[in-house]
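Subject: Structure handover and notes

Dear colleague,

I am passing on the structure we spoke about, together with some notes to read beside it. Please keep the sequence and the 3D view open while you go through them.

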Amino acid sequence: MQCGPANDAPPSRLTAAFPDATSASMSATMSGPMCVSPLFLGSEIYRHSSYGPKHPLAIPRVSTAIDLCRAMGWLPQDQYADSPVASADDLARYHDAAYIEALQHAERDQQIDAERRARHNIGGVENPIFAEIFSRPATAAGASLLAADRLVATPGVVFSPAGGTHHGRPDRASGFCYVNDPVLAILRFLDRGIERIAYVDVDAHHGDGVQDAFSNDDRVLTLSVHEEKRWPFTGTVDDRAGGLARNLPLPRGFNDDEMALVLDVMLVPLVSGFDPQVVVLQCGADALEDDPLSRLSLSNNALWNVVRALRPLAPRFMVLGGGGYNPWTVGRCWAGIWAILNDIPVPGPQETPAAAAAVLSGLSWSRSRGRDPERAWLSTIADRPRPGPIRETIRDRLGIVMKP
């Protein structure tokens, strides 16, 4: 049961500077109790849909998280709902009509002409044509729109691990993202009268599509913590996207202690100082040590601590998935997020039930490490902590980020 702020406090400030932002300011929003069970949004489409056998998203992710949560006894039916499929009109709130039509055409015919392929960046290795090229991303977008509608009507918590496709552009696919469900959700909030939205992105890759969509919009704060010199090669430490954005590029080997510092010095103060009515967290799992598409070194405990810290900062909390390309680590991470959102202790390695271990043992991965997975991937939910020294590079960049 999630209990938190009952009402929307007036903004304490709505500027780019946040000169006095501290976690103490969140007390202004805590003027009354509210209790409602968190909602998990999923779909069976992810169980049988794949970008293709050689693509990083050939792996099961959402279905693994659902199966693990059920095997752990964490997901009663009354807290689960199937995601609707967003309509073309829904998607057109952000995406161009010609692009939406191209996705629908590609799904129907399983091919596309060269002109539209080039214009919309679909059909190549990065963003291939596959059986559900329209319906799968439209389902993820439908979940995020449903989450926004529910949270406007009933403040609380919604988790949609299929969401978080933060690279999608109005007229083209980008970085495995065909539509941009975080942008669509934020636009839905704005259309419903929500005026202060904090978007926090801890994916290993910069949340470029979301930042650019709300550049110069002082109703939306965008914070991104991501690996430096990593695709899409944006989000430098001095990039403020017109004012209300902060970016923290991270060096390789970013560890749990460094994330704790970033959380305390940057994320919590900036979010709480903004007094948001909604926090949208993109919690990609590709910043974990065992992910093949980054060189960051977090344990899933570090990401769960981000969830814990941000949850009390607004009456509405939407948690989305994002990146994550090792089926064991991403499934375990997202299942643990659901436990954290429900205040359920994650068990130690000797306490993981056989049903959950069976889910993990049933996974496969075509990469070399998948042929010989680590024992902990098959038998535990929580990673061992990955502490380490706090490097001066990170302290220096935090100083830049926190300057007015």
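The notes below take the pockets first, then the salt bridges, and then two arginines.

Please bear in mind throughout that this is a predicted model, and that the values given here were computed from it.

Pockets

The largest pocket has a volume of about 400 Å³, and its lining is made up of 28 residues. If you would like to find its centre in the viewer, the residues to select are Leu57, Gly175, Phe176, Cys177 and Tyr325, which lie nearest to that point. When the lining is sorted by residue type, it divides into 13 nonpolar, nine polar and six charged residues. Helix α6, which covers residues 135–153, gives the most to this lining, with three residues.

The second largest pocket holds about 250 Å³ of space and is lined by 16 residues. Here the residues nearest the centre are His55, Ala58, Ile59, Trp365 and Ser366, while the lining as a whole divides into ten nonpolar, four polar and two charged residues.

Salt bridges

The count of salt bridges in the model comes to 22, and I describe three of these pairs in detail below.

One of them joins Arg172 to Asp171, with the closest N and O atoms 3.6 Å apart. Arg172 has a relative accessible area of 35% and is therefore classed as partly exposed, and Asp171, with a relative accessible area of 25%, is likewise partly exposed.

Another salt bridge is formed where the side chains of Asp217 and Arg219 meet, at 2.9 Å from N to O. In this pair Asp217 counts as buried because its relative accessibility is 15%, which is under the 20% cut-off, whereas Arg219, at 33%, counts as partly exposed.

The third pair is Asp343 and Arg311, whose closest N and O atoms are 2.6 Å apart. This salt bridge links distant parts of the chain, since Asp343 sits in the loop between α11 (327–341) and α12 (354–361), Arg311 sits in the loop between α10 (300–310) and β10 (316–320), and the two are 32 residues apart. Asp343 is partly exposed at 46% relative accessibility, while Arg311 is buried, with a relative accessible area of 15%.

Beyond single pairs, there is also a network in which salt bridges that share partners join Asp290, Arg332, Arg369, Glu374, Asp383 and Arg386.

Two arginines to look at

Which side chain of opposite charge is nearest to Arg61? It is Asp203, but it lies 7.1 Å away, and Arg61, although buried, has no salt bridge. Arg61 is found in the loop between α1 (45–48) and α2 (62–71), and its side chain reaches two backbone oxygens, that of Gly322 at 2.8 Å and that of Gly324 at 3.0 Å.

Arg308, by contrast in its placement, belongs to helix α10 and is partly exposed, with a relative accessible area of 41%. If you measure from C-alpha to C-alpha, Arg308 and Glu44 are 28 Å apart in space, and they are 264 residues apart in sequence.

With kind regards

Terms used. Residues are numbered from 1 along each chain as its sequence is written. This is a predicted model: local features need pLDDT of at least 70, side-chain atom pairs count only at pLDDT 80 or more; totals for chains, interfaces and linings use all residues. Side-chain values use heavy atoms; hydrogens and water are left out. On a 1 Å grid over the protein atoms alone, a cavity is a set of points where a 1.4 Å probe fits but cannot get out, and a pocket is an open set with protein on both sides within 12 Å along at least five of seven lines; lining residues have an atom within 4 Å of a point. Grid points are joined across faces, edges and corners, and a volume is the space filled by probe spheres set on the points. Helices (H or I, at least four residues) and strands (E, at least two) are DSSP runs, numbered from the N terminus. Ala, Val, Leu, Ile, Met, Phe, Trp, Tyr, Cys and Pro count as nonpolar, Asp, Glu, Lys and Arg as charged, and the others, Gly among them, as polar. A salt bridge is a side-chain nitrogen of Lys or Arg within 4 Å of a carboxyl oxygen of Asp or Glu. Buried means under 20% relative accessible area, exposed over 50%, partly exposed in between (1.4 Å probe, protein chains only). Lys and Arg count as positive and Asp and Glu as negative; His and the chain ends are not counted. A polar contact is a pair of N or O atoms within 3.5 Å; within protein, one must be able to donate a hydrogen and the other to accept it, and residues adjacent in sequence count only if both atoms are side-chain atoms.
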